[in-house]
Amino acid sequence: MLTGAAVLLGVSAGQAQAAEVAYATKCVPPSGIGLPDVNGTTKVEITAPATAKVGDTVDVVWKFTQAASKNPDIIDLPANSVQPSGTLKAAGAQTADIAMQGPRENPAIPKGGAMTLSDMKGTLKLTAAGQVTLTPDAYVVNALSTDTKCAPTEAVQPAATITVTAGEGSSGSGSGSASPSTSPDPSQSQSQSPSASASGTPSTSPSASESGGDNGQTDFTGKVVDIPYTCQSPIGEKKATSPIQINAKKNGGSYDLTVQFKKSVMDSPIDIPAGKVKPTMQIVLGGADEGSVTVEGPLNSAPIPQNDPIEIPDLTGVYKPGATGESTLSPGVLTIEAMGTTTTCTPDSTAVSLTLNTAEQASGASGGSGSSSSGGSTSTSGGLAETGSGDHGTLKALGLVAGTAILLGGAVFTFMPRRRAS
């Protein structure tokens, strides 16, 4: 680990000076994501005026020439998803903690790639004549709505010195005020955690045909059932509950299915490009029939700005009965793909949303297959079908898109279910 020496470059009266310092750093990832602390070397270049007068407010720039860690081999970080903030210590003729912050600007960072952090800026009002030294201190990296906190583990050398001469407004005080040159966004520095409220009151009663058949009925409305999920992501486990409704429309001997999540708007912790979120769900068959049916929703058609709700369209698929009799349809496993990660959500318990009186069809679900929304068949063996990703779709309003650990720590990509607009 380098103990940093400050090297002043091209200092002349009134001109800016740039100096670099290196210091051993310990970075602590967000709790609960299972990543170890990172011990590395931070290299920082501080730019400030070489000379100034008492009463002046000077601009200071903190440039990362090396972060203390690379991006872990978990997820590719999208552009403009990382924001640094930190504290620069002023000492000598006056003491002050200078709040520094950079914009959320970074190139896309691949798994295992070097972290690229934006320049941080701040201001210092000079209050006393003499030498004022500037020394980097602790900093925070906010990535995908989580904070990784980094602090020096050794004494850090000053990176720049300002020679302050007496002037109008001079005071004998050795204290100073400092403020960031950009206004921080408090909502960016807090980790989001998945949450969802559930409605225990179904909006409709389940539609079940009489045992003699559908009696000409073509539309079947399921009841809303609250399904508690345990979602497993690449970095941990989260729980959420979502009200789900399964509806059907008879189409010949088959049924066109539509799955609705009644509280199913997700807040985006980062800017998401179009075509990056793909949900899938397995509907579990019971009663006379067995197996499962895949339903899916389209990829997001438009970019989703950070902190905006993610509107998820209905999930659709086709159910071709494999048995004659009273068949039940219940929500099953969710698989959510987003930004290169896959999260699998398994019901802790499930409930029947829709009951149909079905007539067996050739190549129907019972005995192993259920039609997907594209009209193809998928093999099953009863119970919950395997999920992994692919083009299967599901979700509608729950969604925990898992995660990512990042720099000096970890960034958790989390979607929060919210009531869907009626």
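In this predicted model, the side chains of Asp 76 and Lys 111 meet in a salt bridge, with N and O 3.5 Å apart. Asp 76 sits in the loop between strand 4 and strand 5 (82-92), and Lys 111 in the loop between strand 6 and strand 7, so the salt bridge ties together parts 35 residues apart in sequence. Asp 76 has a relative accessible area of 39% and is partly exposed; Lys 111 is partly exposed, also with 39%.

The structure has six salt bridges, including those tabulated here.

| Salt bridge | Closest N and O atoms |
|---|---|
| Asp 76 and Lys 111 | 3.5 Å |
| Lys 63 and Asp 119 | 3.9 Å |
| Lys 278 and Glu 296 | 4.0 Å |

Lys 63 belongs to strand 4 (residues 57-66), while Asp 119 is in the loop between strand 6 (96-101) and strand 7 (120-125), 56 residues apart. Lys 63 is partly exposed at 35% relative accessibility, and Asp 119 is partly exposed at 30%.

Lys 278 and Glu 296 are both buried. Lys 278 lies in strand 17 (residues 277-287) and Glu 296 in strand 18 (residues 291-296), so this pair joins parts 18 residues apart in sequence.

There are also five aromatic pairs. Trp 62 and Phe 64 form a tilted pair, 5.6 Å centre to centre with 45° between the planes. Both Trp 62 and Phe 64 are buried, and ring pairs link them with Tyr 139 into a cluster.

Tyr 255 and Tyr 319 form a stacked pair, at 6.1 Å centre to centre and 25° between the planes. Tyr 255 is in strand 15 (residues 254-261) and Tyr 319 in strand 20 (residues 315-319), so the pair ties together parts 64 residues apart in sequence. Both tyrosines, Tyr 255 and Tyr 319, are buried.

Key. Residues are numbered from 1 along each chain as its sequence is written. This is a predicted model: local features need pLDDT of at least 70, side-chain atom pairs count only at pLDDT 80 or more; totals for chains, interfaces and linings use all residues. Side-chain values use heavy atoms; hydrogens and water are left out. Rings of Phe, Tyr and Trp (its six-membered ring) pair if their centres lie within 6.5 Å; planes under 30 degrees apart count as stacked, over 60 as edge-to-face and the rest as tilted. Buried means under 20% relative accessible area, exposed over 50%, partly exposed in between (1.4 Å probe, protein chains only). Helices (H or I, at least four residues) and strands (E, at least two) are DSSP runs, numbered from the N terminus.
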